[in-house]
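The exercises below ask the reader to work through a model from its sheet outward to its loops. Each task is followed by a solution that goes step by step.

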Amino acid sequence: MRAAGVGLVDCHCHLSAPDFDRDLDDVLEKAKKANVVALVAVAEHSGEFEKIMQLSERYNGFVLPCLGVHPVQGLPPEDQRSVTLKKQKLVKQLPLTSICLETDSPALGPEKQVRNEPWNISISAEYIAQVKGISVEEVIEVTTQNALKLFPKLRHLLQK
């Protein structure tokens, strides 16, 4: 599944969530072993900004801060899942050049009531490949390039 010289970028994960407090080092190690090269850590509320900045300093070049407010903040989890499922239908319609990968971890795990983690990003890549009838390698290559366009500082950090 690994494309030569290319890794996965999770453009939306909640590493500051309490779900990761006890085992974040293990979570990040699993992500690296799954060929994840960068994580964009986002917040659900402004109270998480400081923790995200601390994580980006602690895991410099791997965890990247993106400070803002979560787009579905305030919705109950079941409605968040509904919003996400509707977005999945867009995969068929959107060109691959308009798609980035994200886990939204710890929410929306691959199984109900199971914590999501960044290493699950490959599930998204596999799903997109299946829906579009293309290789997983192509999905990884194009979506990583898309992430680099969206977050230009990633390119500099990944070249270190």
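**Exercise 1. Describe how the strands are joined and ordered.**

Begin with β1 and β2, which run parallel and are joined by 4 bridges; strands here are DSSP runs of E with at least two residues, helices are DSSP runs of H or I with at least four, and both are numbered from the N terminus. Two strands count as paired if DSSP finds at least two bridges between them. The model is a predicted one, in which local features need pLDDT of at least 70 and side-chain atom pairs count only at pLDDT 80 or more, while totals for chains, interfaces and linings use all residues. Residues are numbered from 1 along each chain as its sequence is written, and side-chain values use heavy atoms, with hydrogens and water left out.

Within the first pair, Leu8 has Val36 of β2 as its bridge partner. Next, β2 and β3 also run parallel and are joined by 4 bridges, and here Leu39 has Val63 of β3 as its bridge partner. Putting the pairs together gives an open sheet of 3 strands in the order β1-β2-β3, with parallel pairing. Because β1 and β3 each have a single partner strand, they stand at the edges, and one side of each is left without a neighbour in the sheet. From one strand to the next, the twist averages 20°.

**Exercise 2. Place the sheet within the chain, and decide what covers β1.**

The chain comprises 6 helices and 3 strands, and from the N terminus on its elements run β-α-β-α-β-α-α-α-α. For β1, the count is that 6 of its 6 residues are buried, where buried means under 20% relative accessible area, exposed means over 50%, and partly exposed lies in between (1.4 Å probe, protein chains only). The helix α4 packs on the sheet, touching β1 and β2, and its direction makes about 110° with that of β1; contact means heavy atoms within 4.5 Å, and such angles run from 0 to 180 degrees between the N-to-C directions of axes, which are lines fitted to C-alpha atoms, for helices over the stretch in contact. Over the whole chain of 160 residues, 43% are buried.

**Exercise 3. Which residues of helix α2 are buried, and against what do they pack?**

First list the buried residues of α2 (49–58), which are Ile52, Leu55 and Ser56. They lie on the same side of α2 because they cover an arc of only 100° around the axis, the arc being that of the directions from the helix axis to the C-beta atoms. The face turned away from that buried side carries the exposed residues Glu50, Glu57 and Arg58. Finally, the buried residues pack against α1 (24–33), β2 (36–42) and β3 (63–66).

**Exercise 4. Identify the residues with the most partners in the largest nonpolar core.**

A nonpolar core is a set of buried Ala, Val, Leu, Ile, Met, Phe, Trp, Tyr and Cys residues joined through side-chain atoms within 4.5 Å. The largest has 30 residues, of which Leu15, Leu28, Leu39 and Val63 touch the most other members. At least two residues of this core come from each of β1, α1, β2, α2, α4 and α5. Leaving aside residues up to four places away in sequence, Val63 touches Leu15, Leu28, Leu39, Ala41, Leu55 and Ser56.

**Exercise 5. Why do Cys11 and Cys100 form no bond?**

A disulfide is a pair of cysteine sulfur atoms within 2.5 Å. The closest cysteine sulfur to that of Cys11 is in Cys100, and since it is 4.1 Å away, it is too far for a bond. The structure accordingly holds 0 disulfides. As for accessibility, Cys11 is buried at 10%, whereas Cys100 is partly exposed at 29%.

**Exercise 6. Examine the loop between α3 and α4.**

Leu101 is placed in this loop and is buried at 3% relative accessibility; its contacts, not counting residues up to four places away in sequence, include Leu8, Cys11 and Ile128. Most residues other than glycine have a negative phi, and most peptide bonds are trans. In the loop, Asp104 has a positive phi near 60° and is buried at 6%, while Gln113 has a positive phi near 70° and is exposed at 76%. The peptide bond from Ser105 to Pro106 is cis, with omega near 10°.
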